[in-house]
Every structure is written in C-alpha cells, then in structure tokens.
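Got a structure to go through and a few things to ask about it. Let's take it one question at a time.

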Amino acid sequence: MVPDVPGIVRHAPGLILRRPSAESTIGSVFNSLVAKHPERPFIRFEGNSITYGEANRRINRYADFFSKNGVGQGDVVGVLAKNHPQTLLVMIAAVKLGAVAGMLNYNQRGKVLTHSLGILEATVLVVDPEVREALESIDDDHVLPSVTVDFDELDEATEGLSEENPAVTAGLPAKTKAFYIFTSGTTGMPKASIMSHYRWMTSMDGIGGMGVRLRHSDTMYSALPLYHNNALTVALSSVLASGACLAIGKSFSASRFWDDVIQNRATAFCYIGELCRYLMAQPEKPTDRSHGVKVIVGNGMRAEIWEKFTQRFGIERVVEFYGASELNLAFINVFNLTRTAGFCPLPYKVVEYDHETGDPKRNGDGRLTKVSKGEAGLLISEISDRVPFDGYTDEEASNKKIISDAFKDGDRWFNSGDLVRDLGMSHIAFVDRLGDTFRWKGENVATTEVEGALAGVDTLDQAVVYGVEVPGSDGKAGMASVTVREGADLDPKALAKHLYDELPPYAVPLFLRVVDQLEQTSTFKNRKVELRDQGYTDVGDDALYVLTGSEDGYIEFYDEYPDDVAGAKVPRG
C-alpha cells in the first residue's frame, strides 16, 4: 500500500469530512478532469477510445438538448439501453443539469417495464435502438414521455447545440439525486432506489480512491450492465477518482472475456461473483495470463475460489466490497485481505434475527441484540445526518426498511435484509440474503414476480418460488413448487417458453417441483421454509423438472444437473 499512500491521503478527507450540502457532484468532478486533461482517454469501447474532451463536448450537447426539451433540476431522463458509450454520456449529461438519470433494466418487458416507466415519469426517454422493441411490450403508452429518442436521433438533434458546460452544475449540492437504480427488493414489482451525488462521491473516495487506487494511466474494464451500481457507481467512480479510462464491455462472455480485456488494454476490471466463477469454469488458455489486469473490484467472490482465481489469472489485489443500491454505507477490502467483504468505518451492527421471517429479533426490553464475533446475523446501518438513507421513490417502501428504537429511543437504522458474519476489527463476510428475494447471476430475484408469471399459466393452480443453493454456484437458484389444475396436463416445454416471455432469463426457475398441494399459514401465505429446506434433493415422489434453456425448456431431473449448473453448461440461452 505504500506507493498508494498519497492517493489514499488525498481521498480520505472527502470520505470523512464531505457533507450532503457540499457543492461537489459527478458533473463537477468530471468537469475538473476535462479542464486538466482533455486529451486523456475517458471511454474505450471495442478497442476505440473517446477522450475526456471529446466526451464532454457530446455530453454538453446532450445536456443542451435535454434542457431545451424541458429537463431541469429534479426532472428525470429515462435511459433504456445496453452497454454503449452513449449510455454513459447520456447519464452524465442528465446529472450535469441536476436531473435524475433513470437507468432502466433493458431485460424488463410488459407489465414490469410499464410499471418502471410509470415510476420514472421521465421528461425525456433515450432508447438504444437494439432494445427499442421492448417498448412494444408495454401495456400503457401514457407512461412514455412526449420526447422519446434513440441514440441516432439524439446525435442528429444535437448537432450545432452548445458544447459549453451547463452553468447549473457548479452550484449543485451533493445531496442532489443523481440516478434511479431499479431493484427487485422484496416485492413483486421493481422499486427505484435513489443514488445521490453524495453517496456516489463517497464511493469515489472510499471504494475508488482508497480501495481500488487506480493511476491515471490505468483502464478499468466493465462488462456489467450500466443500469447496475457495480458499473455505474463502483467502476465509474474508481475511474474518475484518478482520471483513468473506463473500458465498456458490450456484454459479458466467459469465452471472450480476456480477449476483450486485452483489446481494450485494461489493467483492472469490475466483477460480480458469478462472473469470476464462469471464468474459472473456462478451459485454461494463454490469455489467462497475457493481460495487464492486476486489480479487480466487485462483490460476491466465493471464498473457496478466491486464491485459485488470483493465482490462475495473476491478480494481485481483490477489492471485494459489500453494498447495495439503497444501502447508506459500504464495506471495502482496503487492506487486501482474503475472504472478506472488507472494512467499514461507519456505524453498523450485526444483530439477531427471526429465522422464519428474516426480521430483526427484539429482546424482552424491546431492543435488538448484537451477535458475538464470528456469528452470523442481520446487518443494519445507522441513519443520521452524517450518513443519510436516500431510500426509494416509494416512501412506503422506504419506511419498511427503517428500524426505529433499536437500541435506544429515537434511533433509526436501515435493515439491509442481508445475513453477514462479524469478523471483528470492523470487517464482515457476506453470508446470505434474507427474505423473499434471492440473488442469482448477480441479480436480485423477487419471488412474487416469478409467482406472478406462473399465475398466468392456465394449467397451474398454485405456485410458490424460493431460492435454493447449488454447490459450486454463487447465490441461490430459483425453484418453484407448483400444483396442477384438476384434469389439466403440464407441458414443461410450453411452461418454460411462457416464463422466458414473461421474465428476464436470470429469473426463470431452474427447478420445478410438482406437488399435490401447498400448505398455507393462518394468514394464507404459502409455507416456503419447509420447501426451501427440502430443496431439490428431498422431494419424495414428487415430479421434478430442471431447466435446460429457452430451446428445450424443462426436462426431467437428472443426477448430474447441479454439476452442469455449477459448470455453466446449463441453462443455455
């Protein structure tokens, strides 16, 4: 860490002293870098570079266009796009105006996309031509703004517009909303979590400046979607912390990953645990070591592959972190330790929880109880003026995440919904996600959303969805237990097709169990705990199907299937 001390010292004050009222934002940081080094590469895509100066001129033209079409402070610019330089430029243009960039998940379709667009109430919507067909699936055209343009139309419409920095940028406070990130949360429809400039700047100083510690000559590669905070906040803030370059991967491909890294001359990359596991499952080849990557940053690196991964691919530092779109703090592996989500200097507690509901458990005095060092418990973080909770656009959903009077009257804490292990010395290790939401392929999957899709199948009577562990895989795979309507015949292939039409691919359950009946509680909620505990190994005489992909759908379970999932052989497509 010694060579990095000057950078750490430079960013420490921002992490410790910055307040939400400070006039520091993504736009002001970017403007400062442009003024100092306009010739440096800012974005690299498929081997081609865009300098800070060139990017800024396009950003400012976009901002002028948005402004002329009614976008001001607090308004929303919706972005429905795959990974592309313009996706990033549009986002920066919006936040320079004090507007909010609403980053839509381009996998959404139908009712879910309609719901998300309705939340945004965007003044302008910018669409990638590659995903424009998604708009054809929405149920209500009224959720679309009057100004909807694709990338090509935006470039044509902004020819000759102002390339000067918007004047409003310099006076924006850090507490200004920067973008909406959609998360499944614990309900069926997505919620839009709010990312303020303040929290983004905290990431820049903490994760980027003190954790990743790039040089200006470095290039950070990210093939993760730009509608996720891993790319939009972690990767981008690490780049802007030092004026480095961001290489955008169009999409993740395990077989082509290192080729893309090499083509874009990357020296670092951003990951999620699944990405690392898929890379490990690939046959060894020369490109495993013929790249320039020395540091990686992300979350979900499995403890059992940590050392194997770094040794095989020649990685010197793993900046594992723990955070969430709506969480008001983050843990960062600043000290290059193994098998830890890292360190956090901000106030948090790991407390006892109800194993049935996942809620924090109150003791006889009505307070929460901390777990001992080494034990697993529910992570909660204190909410204060110093560490605010930005929440969701839905105030009711935000309030549900707040715990009051946890340790004393009047205190307020954010419920992360995650199970972590307290390692001591302000370090934790991630254990599991509690509640109805489980994480698969780096995405949060809401069981109620999947159950809603199953409810649209005529041959099914009831369905309950939960996550199950698959040895060798990150997160939990989806499993559905269903009952078939009397007199109906289940068509597993047709069922899979229906689910692929209704859901993002990562949300389609891998396991399908057909049961005679589903037990319910006195409040008519299906009992998931017993089914989750039985998983796919203790199903008795029930029929069990497994997902092979969009082509062949569900087939009968075979013993090697879990190994095929762990080896990324299924599902296909």
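Q: At its relative accessibility, does Lys441 count as buried, partly exposed or exposed?
A: This is a predicted model, and the answer here comes from its relative accessible areas. Buried would need a value under 20% and exposed one over 50%. Lys441 has 29% relative accessibility, so this residue counts as partly exposed.

Q: What is the phi of Lys441, a residue other than glycine?
A: Lys441 sits in the loop between strand 21 (437-440) and strand 22 (443-446). Most residues other than glycine have a negative phi. Lys441 has a positive one instead, near 55°.

Q: Which other residue that is not a glycine has a positive phi, of about 60°?
A: Look in the loop between helix 7 (197-212) and strand 9 (219-222). The residue there is buried, with a relative accessible area of 7%. The one with the positive phi of about 60° is Arg213.

Q: Which residues lie nearest the centre of the second largest pocket?
A: This pocket has a volume of about 1,000 Å³. Its lining counts 32 residues. Nearest the centre lie Phe252, Tyr278, Lys441, Pro505 and Tyr506.

Q: Which helix gives the most to the lining of the second largest pocket?
A: By class, the lining has 16 nonpolar, nine polar and seven charged residues. The helix that gives the most spans residues 273-281 and puts in three residues. That's helix 10.

Q: Are the two faces of strand 25 covered or open?
A: In a regular strand the side chains alternate between the two faces of the sheet. In strand 25 (residues 511-514), Phe511 and Arg513 are on one side and Leu512 and Val514 on the other. These four residues are all buried, so by the under-20% cut-off both faces of strand 25 are covered.

Q: In what sense do strand 24 and strand 25 pair?
A: Strand 24 covers residues 477-484 and shares four bridges with strand 25. One residue pair to look at is Met479 with its bridge partner Phe511 in strand 25. The sense of the pairing is parallel.

Q: Which hand does the β-α-β unit of strand 24, helix 14 and strand 25 have?
A: The helix in this unit, helix 14, covers residues 492-502. Strand 24 and strand 25 pair in the parallel sense. The unit that the two strands make with helix 14 is right-handed.

Q: What is the bridge partner of Phe511 in strand 26?
A: Strand 26 (residues 543-547) pairs with strand 25 in the antiparallel sense over four bridges. Phe511 is also the bridge partner of Met479. In strand 26, the partner of Phe511 is Val546.

Q: How far apart in sequence are the parts that Asp150 and Arg132 tie together?
A: The closest N and O atoms of this salt bridge are 3.9 Å apart. Asp150 lies in strand 6 (residues 147-150) and Arg132 in the loop between strand 5 (124-127) and strand 6, so the pair ties together parts that are 18 residues apart.

Q: Which residues are linked with Arg132 in a network of salt bridges?
A: At 12% relative accessibility, Asp150 counts as buried, while Arg132 at 31% counts as partly exposed. A search of the whole structure finds 16 salt bridges. Linked with Arg132 in the network are Asp150 and Glu153.

Q: Are Asp288 and Arg312 buried or exposed?
A: Their side chains meet in a salt bridge at 3.0 Å, N to O. Asp288 lies in the loop between helix 10 and strand 12 (295-299) and Arg312 in helix 11 (residues 306-313), so they tie together parts 24 residues apart in sequence. Both Asp288 and Arg312 are buried.

Q: How many residues apart are Arg367 and Asp409?
A: The two side chains meet in a salt bridge (2.8 Å, N to O). Arg367 is in the loop between strand 16 (348-351) and strand 17 (376-382), and Asp409 in the loop between strand 18 (402-404) and strand 19 (412-424). This pair links distant parts of the chain, 42 residues apart.

Q: What is the omega of the cis peptide bond between Val570 and Pro571?
A: Most peptide bonds are trans. Pro571 is found in the segment after helix 16 (561-566). The cis bond joining Val570 and Pro571 has an omega of about -10°.

Notes:
Residues numbered from 1 in each chain as written. Predicted model: local features only at pLDDT ≥ 70, side-chain atom pairs only at ≥ 80, totals over all residues. Heavy atoms only, no water. 1 Å grid on protein atoms, 1.4 Å probe; cavity = no way out; pocket = protein on both sides within 12 Å on 5 of 7 lines; lining within 4 Å. Points joined across faces, edges and corners; volume = space filled by probe spheres on them. Nonpolar A, V, L, I, M, F, W, Y, C, P; charged D, E, K, R; others polar. Buried < 20%, exposed > 50% of the residue type's maximum accessible area, 1.4 Å probe, protein only. Pairing = 2+ DSSP bridges. Right-handed = clockwise from strand over helix to strand, strands pointing away. Salt bridge = Lys/Arg side-chain N within 4 Å of Asp/Glu carboxyl O.
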